[in-house]
Amino acid sequence: MLQCEELKDDEGPSNTLEQFTELAQVLEMIDTMKACDALGFEKDYEQYTQVLSRYQEQPHLLDPHLDVLLERLLAKVRNRALSDGEIHAAFKYLYIISKVRTYKVLVKFLPHELSDLEFALEMLERQNPQEYKHWETRYMLLLWMSILVLNPFHMSRLDAYATVSNESTSTGNCVDATNSTLNHTHGKSKMERIFDLCQLYSATNDTCSNIAAYLAAKYLVRADIKDVYLERYLDWVMSQHQTETGDAKFGELAAISAILKHGKREDLLPYADKLLKWIVGLQYKDSNDFLKYKCYIKIVQRIGLVYLKPRLAGWRYKRGTRSLAMNLNKTTESTAGDNAGITDNDAENEFLDGEEIIVPDAIEEVIEELLQALRSGGSDIRWSAAKGIGRVTNRLSKELADEVIGSVIDILNPLEPHEAWHGACLALAELAKRGLLLPHRLRTLVPLLMQALFYDEMKGYMSVGQHIRDAACYMCWAFARAYNPEDFQPFVEQISSGLLTVAVFDREINCRRAAAAAFQESVGRLGNFPHGIEISTATDFFSVGLRQNSYLNVGDYIAQFEEYQKPLIDHLVERKVNHWDTTIRELTAKALHKLTYRAPEYMATVVLGQLFGKTESIDINMRHGTVLAIGEITLALSQLEKQQEGIECKRLISNQLLTDLNELMANYARRDMFRGMSGEIMKHCCTDFIRNCSLARIETTTVCIESWQYIIDKCLLNKAPAIREGAYAAFAEVCRSYYKDDEHAVGNSEIIRCYLKGAENNMEEHIRMGYISALGALPDFMIKTSLDDILESLIKHSLTPTQAVITTGDMLNQHENLATGTWSEARRDSVRALSNVVHTVGFDRESKVSFGNPEYFNKVVDCFLKALDEYTLDNRGDIGAWVREAAMTAIYELITKCPKDLLQPEHVHNIILGFMQQAVEKIDRTRGLAGRLFCQIITTTPFIPHIRHHDRLLKIFPADFNSILWLFADQTFPLFCSLLESPDYSQRVLLGLSASIGQLTESLIKYSSAALFEFLRTHPSEVPRLCKEIVSNFQENLMKERVTYPMLNFLDILISSGTINVVLLDETNTFGEDIYRLLNLETKGHKKLYKLVSSISVYCQLVQVPHLYKRILSKMSIFLGLTHVHVRKTSATKLYEALALHGDTCDIPEENMDEILNLLSETDWGSPLITVRPIRNQLCELMGIKPPVSGVAGVSSDAASVAEVGASAALHIRN
């Protein structure tokens, strides 16, 4: 049994399992196992698989229990009383254990008594190789045979002891009715029968072929088998695979590979030449089938190992002891330990060195094939070839090995494809692990290693190099384990800097983690990496896992050590500024900003000069990244200069730099470099550059400011939101830094006038969005000169056209009303801009031009409250939610920051009502934001005045708003439903609940309705009042489909719940009458089919109201005769359900009721009207109501439908 070290509690991850806890459950599953064709087997098998699959990553936990598991399952296999289905089921269960623990481990636990050989052999012979349904049976039997054939007795002697007759086995298990080979196989010896099975199953195309190859390798290399069957099997496989053969059997190739692996060299050497000639002649390397090529490479390298005697190269590099403790502690005893650690190996190697190494000519061909495989397109093939080169080279003389190593190194040249670089890196790592790369090679290898660490090459729209960088990190890891610190010392600076650069600045997470691991290994093994311990702690697995943290925090930490400052900066400037990924270029600029504080003079004198030289590049990625980096570095340098004011120091931003900074944007504008796709990228970086330079407040010329304003104006009109955001952020900083002087007053007014005019644009939404956002970004000294105009414009554009007409009194033309009605994104940006203006201007009570002025303040509050009521819909859904969310955020910031005496009771109450309604509506994101902000509003200190029932609210909602998961309906709805107890809040909460409960989302309906019904059951005295408020909501929003459509579904669910029966059955209460009246008004004319269908459910629910049932039945009789088939079918179904449930409340004789129900259920209501209407009339007579009568006899069906509307009205009057 394999024993594995137990992980300590503090060493493993949090989800580490400690033991196999489900043993009893699994044994019970095995004992109660059903046949594989029985009902319920798949469910049990899936549960069994799920339990064992939990241990896929810690399979060693099964080892102590494998014996008992296998014993139980094999007992079922051996039980001849069981059916074939149960035997197959047992093998399926066995296979799951094999899959989790791997077959190489499981085979050691299988029983291997001689008595099992005949049993397993006969059972395997009875299987049908074409029966794919039970392939697990054949798989496990082949695996079992692979341990049974290892018995120490001569196989020919076993036939003499065969006592099982054909009669006793004729009733055995798992017999295939079509398999007629059983009788004549007993005429063969066991050796022949096993050989036949090896041939049969290695030629199949299923999973069993791999295990058959394993069985063949174990069986054919036996001392008593190899002379009889080995050559025969090899010849058979070679005959199956000829040059012209297209359909290769991978099991046969895998068998050859396994035989070469497990067989003795002296037994295989006679066949080596023949095998090599055969496999090379197949030319599998020229095909696109990587699986064939992988088998090809395994066979070739193992043939090479057969040619060469097993030995350890005496010339290899011997490191000696590799104690981590000695390296880290650097104790004086380490030298003595090193000397003591190599004596045994030296003695052995000296003995081996005395032998003459005979290298056949065929080895040259083997090595050539392996070198070619390093260039293969499959990573598995390259990896296999790399290991093969390491193994073969280990058995060569120093001179020949040196040639091989030289050939591998030659692959690392710019003319080779990326696959070759990857393969060569893997091969060199394997050679280093085995001590075959002598120290003198390091001087050649380290520069190539540096190239591999930073390999990144564009290939179309993607980049290649990730796998090469990963393999280069593996090389560094292997070097750390291979060499003594003294031999490695000359290259420590290069390799440590390279590894840390990759660990913090590589794009791919696996490369960053691989580099960090290699650095940590080097620190531990070599002990001479500068500041190794401190950096290893900072560059752990999780720290480098997050790219942003790695770039901005870990990189900055490493840069505090002077040895790594310049390599990190140079790498960013040379390789990452022009990276193909935009995100990397942006992170590079931010990283250079932080690194500027570590090396300001180097940045100012060297790096900026290099970057300015790249601003004219034809590569758009280079220009974009360079401009971003220059802006970030300039900002950092200016901040450093401000920190050092008053201290005599060298000026960091020179006059030449100022000139270059001033001319950069002007040159781009003059050359019109903002056109096309590349122009979009340039706009993004240029606005960022302008913002950073404005924050740095560098000295500028008039031409420079004009060019900046030109670029900003151009970017404000862009369709891309990111470019517009960058533009108005840059505009805000330019205004604050350069437009404050009196000389710019006229220009400032002109800018505001142009932007106000642009905001009136009704042709393109993004143009209005850009100008509105720019108005919101204005500084206070510009806003105050035109506050009235700006405020009017922003309020107007924060509202829908209809709301704007009501608010401002200005009539909009029809085109603008149609064009801008769905511009919710522009209204969202306007709300945000208005909020920014309020924040910028402030609440100075002494100034009339501030929001301390109640006139301005009340206008803003009214605007936000109206924006909170926007429910614009288009093909994207409820786009008004964007405006409502922006309005809620703006209101929260306003009422928490403004002087509390400005708040009026009516405004505060409407705000609270608005937030409550939004907190129980249908969109999760909106509901979560509303709930969180509402909780913050009522708990903020000092308390906001005029909140009604504030004490009650504080008891319901927690003081810590983070303690509630606001996005989860099951947590929020119970809180807000408890507010139904308060008449001040209940009507608006019910309005929001009707929208949620009336929606189609199942989970939302479930939690919202459960919370409402729970409140109604626990507060029966509140039900009449709440019903009146439901009627009021319906009445106030009549013909507003946004409200009434979910309201119909809400009423159906509410009435069917039975929670308001006390109101429905109260003859003095008008709730039923009111709902009936409003339903008639809502569905008048039968124009909207979906609304009509939804109303049918509510009508039928009202059947239970005694004084309404006749009117309801009359209404349903009209629906049963309409032209719409769907309406008729729905009416019949719903009426049947209503009468079946509430028929006792109707004054209909019992015998009539039975006939009514039969007619409703058995009639095909999809039939033509001429067939359906007589049945409808018969129903009316049975129900005791007058059938609808069309106004004109003989009219068409459509005219009859219209006439029935009039009949409906007449019936209403009569009833």
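User: Contact means heavy atoms within 4.5 Å. With that in hand, which residues does Thr1083 touch, not counting residues up to four places away in sequence?

Analyst: A heads-up before we dig in: this is a predicted model, where local features need pLDDT of at least 70 and side-chain atom pairs count only at pLDDT 80 or more, while totals for chains, interfaces and linings use all residues. Residues are numbered from 1 along each chain as its sequence is written, and side-chain values use heavy atoms, with hydrogens and water left out. Thr1083 sits in the loop between α57 (1071-1082) and α58 (1089-1101); helices are DSSP runs of H or I with at least four residues, strands are runs of E with at least two, and both are numbered from the N terminus. Its partners, with nearby positions in sequence set aside, are Lys1091, Leu1092, Ser1095 and Tyr1099.

User: How far apart in space, C-alpha to C-alpha, are Thr1083 and Ser1095?

Analyst: Ser1095 is on the contact list of Thr1083. In sequence the two are 12 residues apart. From C-alpha to C-alpha, the distance comes to 7.5 Å.

User: Is Thr1083 buried or exposed, and which backbone oxygen does its side chain reach?

Analyst: Buried means under 20% relative accessible area, exposed means over 50%, and partly exposed is in between (1.4 Å probe, protein chains only). Thr1083 has a relative accessible area of 4%, so it counts as buried. A polar contact is a pair of N or O atoms within 3.5 Å; within protein, one must be able to donate a hydrogen and the other to accept it, and residues adjacent in sequence count only if both atoms are side-chain atoms. At 2.8 Å, the Thr1083 side chain reaches the backbone oxygen of Leu1079.

User: What about Asn1037: which residues is it in contact with, leaving aside its neighbours within four places in sequence?

Analyst: Asn1037 lies in the loop between α54 (1023-1036) and α55 (1041-1057), and its relative accessibility of 9% is why it counts as buried. Its side chain reaches the backbone oxygen of Asn1033 at 2.8 Å. With those sequence neighbours left aside, its contacts are Leu991, Val1043 and Thr1044.

User: Which stretches of the chain have a pLDDT below 50?

Analyst: pLDDT is the predictor's confidence in each residue, on a scale from 0 to 100. The chain mean is 86, and 89% of the residues reach 70 or more. Below 50, with 19 contacts beyond near neighbours in sequence for one stretch and 32 for the other, are residues 331-354 and residues 1191-1215.

User: How many salt bridges does a search of the whole structure find?

Analyst: The rule here is a side-chain nitrogen of Lys or Arg within 4 Å of a carboxyl oxygen of Asp or Glu. In general, side chains of opposite charge can pair when their charged atoms come close. Searching the whole structure gives 51.

User: Arg232 meets which residue in a salt bridge?

Analyst: The closest approach, N to O, is 2.8 Å, and the partner is Glu192. This pair links distant parts of the chain, with Arg232 in helix α13 (residues 226-240) and Glu192 in helix α11 (residues 190-202), 40 residues apart. Arg232 is partly exposed at 39% relative accessibility. At 16%, the buried partner is Glu192.

User: In the Lys433 salt bridge, which partner is buried?

Analyst: Lys433 pairs with Glu430, with the closest N and O atoms 3.8 Å apart. They are separated by about one helical turn because they are 3 residues apart in helix α23. Lys433 is partly exposed, with a relative accessible area of 42%. The buried partner, at 3%, is Glu430.

User: What accessible area do Leu965, Leu967 and Phe968 have together?

Analyst: Patches use residues with over 30% relative accessible area and no salt bridge, joining like charges within 9 Å and nonpolar side chains (Val, Leu, Ile, Met, Phe, Trp, Tyr) within 5 Å. Accessible areas come from the Shrake-Rupley method with a 1.4 Å probe, and for residues only the protein chains shown count as cover. Phe968, in the loop between α50 (950-956) and α51 (969-977), is partly exposed at 48%. The three form a nonpolar surface patch of about 310 Å².

User: How much of the protein chain is buried?

Analyst: The chain has 63 helices and 4 strands. It exposes about 53,900 Å², with carbon and sulfur atoms supplying 51% of that. Of its 1215 residues, the buried share is 56%.
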